[in-house]
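Here's a quick briefing to read with the structure open beside you. Have a look at the fold first, then work through the points by topic.

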Amino acid sequence: MPVAPAANGPDDPVGPDDPVGPDHSTGPDHTDDLVGDPGDIWWASPDDDEPEFDESSVRVRAGRKGSKPRTKTRPGHENALTGRILSVDRGRYTVMLDENLPTERRITTARASELRKKAVVNGDRVDIVGDTTGAEGSLARIVRLVPRDTLLRRSADDTDAVERVIVANADQMLIVVAAANPEPRIRLVDRYLVAAYDAGVKPILCITKTDLADPAAFLANFAGLDLPVFQSGEAGMPIEAISAALIGHDTVFVGHSGVGKSTLVNALVPGTNRAIGVVNTVTGRGRHTSSSTVSLRLETEAGRGWVIDTPGVRSFGLGHINTDNILKAFTDLATIAERCPRGCTHLPGSPDCAIVEAVEAGELGDTGRVRLDSLQRLLATFAPAR
C-alpha cells in the first residue's frame, strides 16, 4: 500500500497560505518582504526565555522587620579573645584583655546585634573580635558572653519581678554604712545581705564615721552572722586590713548615698578620684555622686584585687529572691531544717519548725538563739513581698 508523502516535505512547495517554511524562515518568494536578520524577529526567536532575564539567581537581603533571616547559622568566632568588662558608657564597653600579662591592654567595644536583648554588665567576661589592638579610635565587637559565676541583682521594689543586674562574677560584697549622718538603716543592710546570700556572694560590713556615734547597738543586730566587720572613723581607716580582705577577689561596694563609700574607694585605689558627696543637713540624706558602676584595680605589695564601685541607692527591691538561698547561708541551721515539715517558713510561730525546737532545746549552744533571730529577720524582710 503506497504511503502518502508528509505535508510540507522537502519536495512539497510552500503553499500560498504558509508564510514561512518548516525552518521558521521566509519562503523563496517572501524573503525580500522582511527587513533585517530573521533572528531579530521576536516571533522567529528559537526561545522566548532569554538567559539574561532569568531572575532565579537574584538575592534579596532580608529586612529587619517582617521577614526571617536568611540563615540561623552564625560564625563560630573561634579566634575570639576573652576579656573583662570594666565600665559601660552609652553603648560603649571598656574591656581589659590579657589581664596580668605583658600584653595587657584596654579596648573600646560595642555589642553585636545578636546580643542586643541580653544584659552585658560590669564584671562580665566576654569574647571579643575585630580590632583588639587598643589603638586610639579602634572599636572591637562583643560577640559572646562567658557563663557567669555569680549575678548580683535588685528590683525596683519587692513586687517587681523585673530584675536590674548590678554586677556579674563578683565573689564578695562590701556593705558600707555610716554610724551616723546619715543614720544607719538596719532594714537596708538586711536587704543587702539577702541579695548577697541569694547570689552566692560573701558579705563584708564596713562602718564609717564611728567617731560620730558608737556602732555597738547597730552591730548587735548582726551578731548571729558570720560577717566580717571593719570600723572606720576620724582617727583613720583600716586600709591595710580592708585591702588584705580584698586581694584575690572581685568585691562589689554597695551602700546608701553619703555613707563615705567613694571616700573609702579613693583611699583603697589612689588616683581614682571618685566624686565625694555631702549629706543634706535638713533631710539627712546623701546626694548621689557616682552615676555608673566601674571596676578599679586594687594593687598592693601582697597582691591584686578588683574594687567594683556602684552608685548609692536608697532602696533595694527583692522581687527576684529565692528564699531557699537565704537559709543556705546559715549552714548549721540549714542542716537542721532538713527535719522541718514541707513548706516550713522558719518564722516565729511556724508549727513543728525543727530549727526553733533545736534552739529551745539548747542544741545550738549560746549563739543558736542569736543566729535564729538573724535568720528570721532576714526571712521576714522578704516575706511581705510574697
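**A covered helix, a cavity and one buried valine**

Helix α1 is mostly covered, with twelve of its 14 residues buried. Keep in mind that this is a predicted model. The notes below start with that helix, then move on to the cavity, a valine in a strand, and the protein as a whole.

**Helix α1**

- The buried residues run from L188 through the end of the helix: L188, V189, D190, R191, Y192, L193, V194, A195, A196, Y197, D198 and A199.
- From first C-alpha to last, the 14 residues of α1 reach 20 Å, close to the 20 Å expected at 1.5 Å a residue.
- Right after α1 comes G200, and its phi is positive, near 75°.

**The cavity**

- How many cavities of 30 Å³ or more does the structure hold? There is one.
- The largest cavity has a volume of about 80 Å³.
- Its lining is made up of 13 residues, and V177, R185, L188, H256 and V259 are the closest to the centre.
- Two elements, β8 (172-178) and α1 (186-199), each give two or more residues to that lining.
- Of the elements, β8 gives the most, with four residues.
- Sorted by class, the lining of the largest cavity has ten nonpolar residues, one polar and two charged.
- L188 turns up twice here: it is one of the buried residues of α1, and it is also among the residues closest to the centre of the largest cavity.

**V254 in strand β11**

- V254 sits in strand β11, which covers residues 250-255.
- Buried or exposed: which is V254? V254 counts as buried because its relative accessible area is 4%, and the cut-off for buried is under 20%.
- Leaving out residues up to four places away in sequence, V254 touches M173, L174, I175, V176, Y192, K261 and T310.
- One of those partners, Y192, is itself a buried residue of α1.
- P311 is 57 residues from V254 in sequence, yet the two are 7.6 Å apart in space, C-alpha to C-alpha.

**The whole protein**

- Eight helices and 13 strands make up the count of elements in the protein.
- Of its 386 residues, 41% count as buried.
- Among contacts with a separation of 6 or more, 62% come from residues 24 or more positions apart.
- The accessible surface comes to about 22,500 Å², and carbon and sulfur atoms account for 51% of that.

Methods:
Residues numbered from 1 in each chain as written. Predicted model: local features only at pLDDT ≥ 70, side-chain atom pairs only at ≥ 80, totals over all residues. Heavy atoms only, no water. 1 Å grid on protein atoms, 1.4 Å probe; cavity = no way out; pocket = protein on both sides within 12 Å on 5 of 7 lines; lining within 4 Å. Points joined across faces, edges and corners; volume = space filled by probe spheres on them. Nonpolar A, V, L, I, M, F, W, Y, C, P; charged D, E, K, R; others polar. Expected span 1.5 Å × (residues − 1). Buried < 20%, exposed > 50% of the residue type's maximum accessible area, 1.4 Å probe, protein only. Contact = heavy atoms within 4.5 Å. Areas by Shrake-Rupley, 256 points an atom, 1.4 Å probe, with all protein chains shown as cover.
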